[in-house]
Amino acid sequence: MRRSVGLAVGAYLPKRIVTNDELAKTIDTSDEWITQRTGIRQRHVAAEGECTSDLAVKAAEQALHSAGLRGADIGALILAPATPDHTFPATAAKVQHRIGMTGGFAMDVQAVCSGFVYALAVADNFIKAGQVKRALVIGAETFSRILDWKDRNTCVLFGDGAGALIIEAHEGK
């Protein structure tokens, strides 16, 4: 029986941190109000010009390094962005090129908050079907670009970042 096994993970968070106290200077809120309702004390925000693909590449490179692999060792790249760089081409194609993935395919799966779970299921199914040996699954977002920073009900919840997981086919029980 063919199944997927996790090989390595990678993550990236932008350098800029926005604290609850910083938000309280621009909207009617406080650190206590946010923390009490969400548990969130700070969020990372992408730098000017830093795209979703930039975050995804950094997380992917970390996962590849951890696994001792190169981009060319990956057969499928499934990226889950709710905030892609552009509508077309897929942000995954940009990441594919930048990590040196010369074979296989890359695609975006957009399902907002559950996007990474769907992307992982898609990659797992390709592996179980025998269509790829190894897949790179990435969740990456730059929600800071689309937030209404004056709406305290939403802007306190989101930040930017990326996480990557490499899965590989294994035979057996």
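**Pocket lining and sheet architecture**

The largest pocket is lined by Ala80, Val112, Cys113, Gly115, Phe116, Gly139, Ala140, Glu141, Phe143, Phe158 and Gly159, in a model that is predicted. Its volume amounts to about 180 Å³, and helix 5 and strand 6 are the elements that contribute two or more residues to the lining. The most is given by strand 6, which supplies three residues. When the lining of this pocket is sorted by class, seven residues are nonpolar, three are polar and one is charged.

The strands that bear on this region belong to an open sheet of five strands, arranged in the order 1-7-6-4-5 and with mixed pairing. Strand 1 (2-12) and strand 5 occupy the edges, and each has a single partner strand, so that one side of each remains without a neighbour in the sheet. On average, and with direction ignored, neighbouring strands of this sheet are turned by 20 degrees against each other.

At the edge formed by strand 5, strand 4 (residues 76-80) pairs with strand 5 (residues 105-108) in the parallel sense, over four bridges. Within this pairing, Phe105 of strand 5 is the bridge partner of Ala76, and Met107 of strand 5 is that of Ile78. The two strands are joined into a right-handed β-α-β unit together with helix 4 (residues 91-98). Helix 4 packs on the sheet, where it touches strand 4, strand 5 and strand 6 (134-142), and its direction makes about 145 degrees with that of strand 5.

Helix 5 (residues 115-128), which also takes part in the pocket lining, lies across strand 1, strand 4, strand 5, strand 6 and strand 7 (160-171) and runs at about 20 degrees to strand 7.

Two features of backbone geometry are found in loops that lead into these helices. Most residues other than glycine have a negative phi, and most peptide bonds are trans. Against this background, the peptide bond from Phe88 to Pro89 is cis, with omega near 0 degrees, and Pro89 is placed in the loop between strand 4 and helix 4. The second feature concerns Val112, a residue other than glycine whose phi is positive, near 50 degrees. Val112 is located in the loop between strand 5 and helix 5, and Val112 is also one of the residues that line the largest pocket.

Methods
Residues numbered from 1 in each chain as written. Predicted model: local features only at pLDDT ≥ 70, side-chain atom pairs only at ≥ 80, totals over all residues. Heavy atoms only, no water. Pairing = 2+ DSSP bridges. Right-handed = clockwise from strand over helix to strand, strands pointing away. Axes fitted to C-alpha atoms, helices over the stretch in contact; angles between N-to-C directions. Contact = heavy atoms within 4.5 Å. 1 Å grid on protein atoms, 1.4 Å probe; cavity = no way out; pocket = protein on both sides within 12 Å on 5 of 7 lines; lining within 4 Å. Points joined across faces, edges and corners; volume = space filled by probe spheres on them. Nonpolar A, V, L, I, M, F, W, Y, C, P; charged D, E, K, R; others polar.
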